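This report describes the fold of a single protein chain and then turns to selected residues. Please keep the sequence and the structure in view while reading.

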Amino acid sequence: MKKLILGCLLLMTIQLAKAQTDHLQVEKTLQNYIEGSSYNKLDLLKSAFAENATLYLTMGTGVFKRLSPADYAELFKNNPSGKFNGRYGKVLSVSLIKDIATAKVEIRIPARKMVYIDLFLLKRTDSGWKIISKTATRIDDAN
């Protein structure tokens, strides 16, 4: 009976450790997104996404568009790489279910008085946790 209880405790400990590891890896992917987009680090930004990820965004012109990760990274290409562009990101929530996750990130751009909420779908892949879809909406008083 002791061996059964110890076996169950060991299994529960392993599962808990795996869940914590997955959560940390999702947070790292989101931090790569935040740092890549805040410091114009295009390779870091693209590394957060699966190659075939889709981003659904309303552009500054008001047009709703579907973008690839490469298209999205192009939005930051005219800013000096490594220089802070005024975007502050904060992970608000992460929810994991086995090999998929959802996440909410707040992006603040104080100089332009803009606040966005980004919503993400993530998937554990052979190369780690990757963003497979993103959408965003502006929530500051201007909208």
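Two strands are said to pair if DSSP finds at least two bridges between them. In this predicted model, one such bridge links T54 to its partner S133 in strand β6.

## Overall architecture

The protein contains three helices and six strands. Their order along the sequence is α-α-β-β-α-β-β-β-β. Taken along the principal axes, the C-alpha atoms occupy a box of roughly 65 × 30 × 30 Å.

The chain has 143 residues, of which 32% count as buried. Its accessible surface is about 9300 Å², and carbon and sulfur atoms account for 58% of that area. When contacts between residues at least 6 apart in sequence are considered, 45% of them join residues at least 24 apart. The protein carries 22 positive and 13 negative charges, and the mean positions of the two sets lie 3 Å apart.

## Strand pairing around β1 and β6

Which strand runs parallel to β1? Strand β1, residues 49-58, is joined to strand β6, residues 128-138, by four bridges, and the two run parallel. Besides the bridge between T54 and S133, F49 has I131 of β6 as its bridge partner.

Strand β6 also pairs with strand β5, residues 114-125, in the antiparallel sense over 10 bridges. Within this pairing, I117 is matched with T137 of β6. The connection from β5 to β6 is a hairpin of two residues.

Strand β1 has a further pairing, with strand β2 (residues 64-67); here the sense is antiparallel and there are four bridges. T58 has F64 as its bridge partner in β2. The hairpin of β1 and β2 has five residues between the strands, and G62 within that hairpin takes a positive phi near 90°.

## Two residues of helix α1

Helix α1 spans residues 2-38 and includes S37. Is S37 buried or exposed? The relative accessible area of S37 is 1%, so it counts as buried, the cut-off for that class being under 20%. The side chain of S37 makes a polar contact with the side chain of R87, at 3.2 Å. Leaving aside residues up to four places away in sequence, S37 touches L45, F76, N85 and R87.

D22 is also found in helix α1. With a relative accessible area of 7%, D22 is buried. Its contacts, again without residues up to four places away in sequence, are with L96, K98, R124 and W129.

## Positive phi values in two loops

Most residues other than glycine have a negative phi. Against this background, two lysines deserve attention. K98, which is not a glycine, has a positive phi of about 50°. K98 is placed in the loop between β3 (88-97) and β4 (100-109). Its relative accessible area of 71% makes K98 exposed, and K98 is one of the residues that D22 touches.

K113 has a phi near 55°, likewise a positive value in a residue other than glycine. The position of K113 is in the loop between β4 and β5. How does K113 come to be classed as exposed, and what is its relative accessible area? The value is 68%, and the exposed class covers residues over 50%.

## A residue of helix α3

D71 belongs to helix α3, which comprises residues 69-74. D71 has a relative accessibility of 39% and therefore counts as partly exposed, because that class lies between the limits of 20% and 50%. Along the chain, D71 and L122 are 51 residues apart, and their C-alpha atoms are separated by 19 Å.

## Summary of the selected features

In the strand region, β6 is joined to β1 in the parallel sense and to β5 in the antiparallel sense, while β1 also pairs with β2. Among the residues examined, S37 and D22 are buried, D71 is partly exposed, and K98 and K113 are exposed.

Methods
Residues numbered from 1 in each chain as written. Predicted model: local features only at pLDDT ≥ 70, side-chain atom pairs only at ≥ 80, totals over all residues. Heavy atoms only, no water. Buried < 20%, exposed > 50% of the residue type's maximum accessible area, 1.4 Å probe, protein only. Contact = heavy atoms within 4.5 Å. Areas by Shrake-Rupley, 256 points an atom, 1.4 Å probe, with all protein chains shown as cover. Lys, Arg positive; Asp, Glu negative; His and termini not counted. Charge placed at Lys NZ, Arg CZ, Asp CG, Glu CD. Polar contact = N/O pair within 3.5 Å; in protein donor to acceptor, adjacent residues only side chain to side chain.
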